[in-house]
Amino acid sequence: MDLEDLEDFEDLEDLEERHIVVGVCAMTKKSRSKPMVEILERLCGFHFIHVCVFPEDVILEQEPETWPLCDVLVSFHSKGFPLDKAVQYSKLRNPLLINDLDMQYYIQDRREVYRILREEGIDLPRYAVLNRDPAHPQECSLVEGEDHVEVNGEVFHKPFVEKPVCAEDHNVYIYYPTSAGGGSQRLFRKIGSRSSVYSPESSVRKTGSYIYEEFMPTDGTDVKVYTVGPDYAHAEARKSPALDGKVERDSEGKEVRYPVMLTAIEKLIARKVCLAFKQTVCGFDLLRANGHSFVCDVNGFSFVKNSMKYYDDCAKVLGNLVMRLLAPQFHLPWSLPPESEDIPIVPTTSGTMMELRCVIAVIRHGDRTPKQKMKMEVRHPLFFELFEKYGGFKSGKLKLKKPKQLQEVLDIARLLLVELVQHTDCEIEEKKSKLEQLKTVLEMYGHFSGINRKVQLTYLRTGKPQASSGEEDCLKDVAPGGPSLLLVLKWGGELTPAGRVQAEELGRAFRCMYPGGQGDYAGFPGCGLLRLHSTYRHDLKIYASDEGRVQMTAAAFAKGLLALEGELTPILVQMVKSANMNGLLDSDCLSDSQNRVKTRLHQVLQQDQDFSPETYDKLAPTKSPSLVNSMKLVQNPVQTCDQVYSLIQSLTSQIRDRLESPTAQNLQLYHSESLDLMLGRWSKLERDFRMKSGRYDISKIPDIYDCIKYDLQHNGSLRLEQTEELLRLSRALADLVIPQEYGISPQEKLDIAQTYCVPLMKKIQLDLQRTHEDESVNKLHPLYSRGVMSPERHVRTRLYFTSESHVHSLLNMFRYGGLLDEEQDTQWKQAMDFLSAVPELNYMTQVVIMLYEDNNKDPSSEERFHVELHFSPGVRGSESESAPRGCGFRPAASENKDQGSLEDLSHDQTDQAALPVSEPISIQRRSPMVRNRKTGSMEVLSESQSQSQSQTKLAPLRLFSSGTKQSPEFKPNALGSLCSGLFSCSAPNLREYIRVHHRKHPPRPGLNQDPTRTKLGLTHDPTRTKPAQTHDPNRTKPQVNQDSTRTKPGMTQDLTRTIPELHRKPPLSPGSLPSTVFGFEGCSMVPSIFPLETLHNSLSLKQVDEFLQRVCKDRSHSAVMETRASSEAYLQQFISNFGSVPSSGASSPVHKNPAPNTSLSQ
């Protein structure tokens, strides 16, 4: 070996001895954590990098001068860590800092975090700092109201967030408004499976310093972002801890999170946060709300857990960073390796399978207490001042619902009543009895909590509005003349516990319309949707009108749909959007057309004679069977009203007799109602129904029907006499009045429907068009998703909860707007016949639109997108109530018999938590499992398979069978294994649900029990050969009778019937319960819900889009002009008469503020 070779060898040996030492200075719990170990092991893969972990006893007990030497320092603060000593070591040894140490002091103070974020131009929630520091008295001003706080002059209305200024204090509170039930959600560092609890306490904390900030509606999702340098950011979404406080954990006890994609703007935010806080490895919280992204917390050094891809990326980024900065100093050979291109994951389909893309549902609220209403005309200047104060003259209408507003109305009523007593000669025009009723109702409950009362004021230009039959008495003595206000007080109408159960159960059932949702409802509740939602492939938005019963229905539905736990208030605030904008789900005004219809309807029903053929033509020009049947039952409307009035008198007399009983005071009726309150309800109806003129107020018929239906269902234990007869007659009248109030002729129905629901139709049109989501939607990141077989799948769900008026109007739009021609389309004709035979749109009525995409079709083809329209008339009114027979749910048709959707989501892997896939699949399905008809939203046979097996005997599948008898080969422990596999990652909290609810139901009398039916509902019928040969000898044509083979709404999957042979499937719980049980399991007083019926299942998206465009365009321009002209007329008329507000005239003097001794704030 020559000298030159020897020198090269020595240089090589010297190079091998050189290395860069990366020191890890942190508490053992952090430095030895699984993510840290995984990343450090990968970091050691760099040839010239050596890792040294500082022992915890050295960090805590020795001085920094004795700590190990390093070239790169990874150090970060956590509980118990001596940050001061780490800063001292850094100044002594001057290593390369991965995370700046001085900035970590700022990260521990939320005030400093927010200051830095604001200076960097990063969006934050609106906030204010309350410093309870004697040295800064100007920063500790707090004024607390019932539904708001004022912090240093900044007002925050509930819901708002209260955060301790110390970032180590995780006791964050969220305060809810009284309209949502009040109280607060108290967040804390995770303890077991809890991260928050609901508290009824609504007052803010009185000690300590806090940040108050505006609550951001994120639909129950938080996003955590993890940076590794300014150019790398990984994001994961999780269920918000404020939603129900239940932490979703996998089999290893780790919180379940799913990677989501960041938008370009969010990546820029991540870069700014990383650089502003000088933290290479940094985590922060992102809130996605209203199309924007807000940073609400910066955590400092944070790693992603349980992501091998992230571990690889993090080690690579850190290793390259260290080598790029230090390799030249150490004279080490190093060059940046080229980046490999990411291969996109593209979902594939087979055969003619179709993918569910969008579900839109319009749903009526659940069971409620009877609504009550009182009208009075007011002229006192105090009412006009209130009307002007809240902007009533802008539109001529005003709705008062907030506690402060209702308190002002109550104060006015108290003041006027006091003046009536003190000044006998005063001429206050408001009737004393009406004022007393106004005062009594507003004083109910002792406080204004929740949405249970509201006052509406309407400006009348000339006084005395055009009176319907219901307003004759209250306006009889009012002289027409100067302007006045029509005050309408509404109370009652609260969602009952039964209504909550209905909504929650329907939410659970609704899951089963999604891919992978098929299965036994009670024991295997629609894991497909839960899997979609938990893996952020489900874009869900829930809208509700501003009525309390509607909003709470939406919250209860969301609770069942997403398997949430706890109180409804947090779910309502975070998941349900208020849609009281542009009339989307609210409409308080009656159109001229509707007023004319009501007047004509009331005139006809005031005639004391039997309905003549001319009357039938006048009242039922559409020949609707339900309407004709009601008219036949009523015959003479006045005589029927006489009978109803007599029955009401009998009822009130019986209640008075019960009140005289010694046990009356101890008798508690449903929903905490007393006999006194019940008597008050019926006495008011008795007074209002028959007016002093002897005529009947037809507008009270729906109220009478509501009350008797409510009492029979919930207060049947009173055993009052003749209530069944009162229900029968009032229902016949209600079936005659209610649908016709939305139009008598087809054109009137369409005109009135456009008045109500054009904004909603426009929104539906937009929902269907936007098949590709916004960047702001939480979407699963396909490159980081583990255990998800179809990461690109994304389903959009839009749920709209509203009142009866919008549901009637929406159906009338579809029926009379010209969507299809009944003469040309047999299925549509049958659907229209079915709708005509439905007498009532009861609570929980649903109109569902489902959009599918066939990826095998050309994108420009009309066959690419497929739309289905479904409907359910809602809650079954009584156990014996029958319903018209429709087409069933998703009947197979020749034109779509091979259409389906992508694979069952239950095949998704479960992040090493599940058993081998073959085991649960073999339990869940038989082999071979043949399906040649659309199975809900799932199809597993391609066209070629269908043809090859059509020659053999086929086993029809009933996904929701009437019985739940287990097959011999079905092992109980197998279900546990199956559920463990499916739910361990996507929905761990369902294990307990299944344990509690997975019961056998006794067989229903009269139904054949199939011994081969498994718990999951797969049924083999040896008597069946080919589906096309199906025939029911007892069935010739659709009949209006009780359908004993119905299934539960929202989840019926009809596999055994083609259109010519309308075979019905056995029902799902509650229809599968024994005839002796009425209602949902465990809730005997909660009526079941009729199943969904398909109105049409072969529409093209183009057809629907053109229809929506046409019906919305016809109304838009005229509606805008009418509204603008009406608003301007109200304001101009008022100004011309008064200038500002009317003078007191002959009335009592105006008191700007009610006397203190007469005001009792609630």
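**Reading helices, strands and burial in a predicted model**

Analyst: Helix H24 (residues 723–737) has 15 residues and spans 20 Å from its first C-alpha to its last, close to the 21 Å expected at 1.5 Å a residue, where the expected span is 1.5 Å times one less than the number of residues. This is a predicted model, in which local features need pLDDT of at least 70, side-chain atom pairs count only at pLDDT 80 or more, and totals for chains, interfaces and linings use all residues. Residues are numbered from 1 along each chain as its sequence is written, and side-chain values use heavy atoms, with hydrogens and water left out.

User: How many of the 15 residues of H24 are buried?

Analyst: Buried means under 20% relative accessible area, exposed over 50%, and partly exposed in between (1.4 Å probe, protein chains only). By that criterion 11 of the 15 residues of H24 are buried, including Leu-726, Leu-729, Arg-731 and Asp-735. Contact means heavy atoms within 4.5 Å, and what covers these buried residues includes helix H18 (592–605), helix H21 (637–659) and helix H23 (701–714).

User: How are helices and strands assigned, and in which sense do S1 and S3 pair?

Analyst: Helices (H or I, at least four residues) and strands (E, at least two) are DSSP runs, numbered from the N terminus, and two strands pair if DSSP finds at least two bridges between them. Strand S1 (residues 20–25) and S3 pair in the parallel sense over four bridges, with Val-24 standing opposite Val-74 in S3. S3 also pairs in the parallel sense with strand S4 (residues 96–97), over two bridges, and there Leu-73 stands opposite Leu-97. The chain crosses from S3 through helix H5 (residues 83–93) to S4 in a right-handed β-α-β crossover, meaning that, with the strands pointing away from the viewer, the path from the first strand over the helix to the second runs clockwise.

User: Which residues of S3 lie on each of its covered faces?

Analyst: In strand S3 (residues 72–75), Val-72 and Val-74 lie on one side and Leu-73 and Ser-75 on the other, and all are buried.

User: Which strands does S15 pair with, and in what sense?

Analyst: Strand S14 (residues 221–228) and S15 pair in the antiparallel sense over seven bridges, and the two form a hairpin with four residues between them, where Gly-229 in the turn has a positive phi of about 85°. S15 also pairs in the antiparallel sense with strand S16 (residues 258–260), over three bridges, and Ala-237 stands opposite Tyr-258 in S16. Of the seven residues of S15 (residues 233–239), six are buried.
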